[in-house]
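Please open the model in your viewer and keep the sequence panel beside it, since each stop on this tour begins with a selection.

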Amino acid sequence: MILLNQLKPAFLKLCLFCTGLFFFGCINAQYTLPVHAIQLVGGYSRHGSGDYKGIVFGADYIKYLSKRTSLDFNFKAMINDGRDLIIVTNNTNGTQTDASVRFTAAGVQVGVNGGYSIIRNRRHELMISLGGFGRYQSSSNGDDGYQIYEPLRTGQPTVLIGYDNRTPQRVYSLGGIFQFHYNFTFNNKVYIGLVPGFQTDTNGDAIPHLALTVGRRL
C-alpha cells in the first residue's frame, strides 16, 4: 500500500507527460505546412520588343524542399499584339480606311524556378524566385520592319506596304525569369496570389507580366 502511494505521483507525471506529447503531436500535425502545390496562372503581359500588350497563362507544380526553399516546374504561354496605325483618307468622297499594320507575337515556354520564401506560414507566403526556361515563339511580322509607299508615290488610292523578311518567323530561345510571389491560403490548402515578374531571353525579348494565381497545396 505504501509502495502504491509512492508510485502515484510518478504515474500521474507520466500520464501528464504522455498527454502533453499527444496534444503537441496533434497541434504540430495540424499546423504542418504542405510540401506540394499545383496552381493556375493568368494575367497581363507586355512584350517589350514591340511594346505589345497581351496575356500570360499557364500552370505550375511546386515542390517544397524545406520550409523556405522550393522548386517550381512551370508551363507558360503568352499572346501579345499591337499595330502601327495607318489611316488612308479618300480625298474624293472623304471616307477613311484603316490600313494599319498589325503584329502578333505568341510564345510557349517550359522552365524551372528556384524559390525562397521570406515569409511562409499557414496563411501568408511572400516569395522571390529566379529560374530559366526554353521558349518557342512565332511572330507575324518578324523583326525586320517594313516600308510604306504612299499614294502620291505609287499613284494608287491606298497605302502599299513593302516587306523584306530576313529574320526567321519562328524562334527557339533560352531565357531567365525573376518573380515575386504573394499567396494567401484559406484553409491550409486552397490559396490565391499575385505574381509580378520580368523575363528576357536570347532572342532579345523583354517581357514583364502581372498575373493572378489560384492553387491548391497537397
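**From the core to the surface**

Begin by selecting Val-159 in this predicted model; setting aside residues up to four places away in sequence, Val-159 touches Ile-86, Val-88, Ile-148, Tyr-149 and Pro-151.

Next, extend the selection to the largest nonpolar core, whose 8 residues are Tyr-52, Ile-86, Val-88, Ala-99, Val-101, Phe-103, Ala-105 and Val-159. Strand S6, residues 101-120, gives the most to this core, with 3 residues. In soluble globular proteins, nonpolar side chains tend to be buried together.

Stay on strand S6 and move to Ile-119, which is placed in that strand. Is Ile-119 buried, partly exposed or exposed? Ile-119 counts as partly exposed, because its relative accessibility is 40%, which falls between the limits of 20% for buried and 50% for exposed. Apart from neighbours within four places in sequence, Ile-119 is in contact with Arg-68, His-124, Glu-125 and Leu-126. If you also select Lys-67, you will find its C-alpha 9.6 Å from that of Ile-119, although 52 residues separate the two in sequence.

Now select Ile-38, Tyr-61, Phe-73, Val-112 and Leu-218, which make a nonpolar surface patch of about 410 Å². Within this group, Tyr-61 belongs to strand S2, residues 52-64, and counts as partly exposed at 30% relative accessibility.

Finally, colour the chain by pLDDT, for which the mean is 85, with 85% of residues reaching 70 or more. Over residues 17-30 the pLDDT is below 50, and this stretch has 1 contact in the model beyond near neighbours in sequence. Where pLDDT is low, the predicted coordinates should not be read in detail.

Methods. Residues are numbered from 1 along each chain as its sequence is written. This is a predicted model: local features need pLDDT of at least 70, side-chain atom pairs count only at pLDDT 80 or more; totals for chains, interfaces and linings use all residues. Side-chain values use heavy atoms; hydrogens and water are left out. pLDDT is the predictor's confidence in each residue, from 0 to 100. Contact means heavy atoms within 4.5 Å. A nonpolar core is a set of buried Ala, Val, Leu, Ile, Met, Phe, Trp, Tyr and Cys residues joined through side-chain atoms within 4.5 Å. Buried means under 20% relative accessible area, exposed over 50%, partly exposed in between (1.4 Å probe, protein chains only). Helices (H or I, at least four residues) and strands (E, at least two) are DSSP runs, numbered from the N terminus. Patches are made of residues with over 30% relative accessible area and no salt bridge: like charges are joined within 9 Å, nonpolar side chains (Val, Leu, Ile, Met, Phe, Trp, Tyr) within 5 Å. Accessible areas come from the Shrake-Rupley method with a 1.4 Å probe; for residues, only the protein chains shown count as cover. A salt bridge is a side-chain nitrogen of Lys or Arg within 4 Å of a carboxyl oxygen of Asp or Glu.
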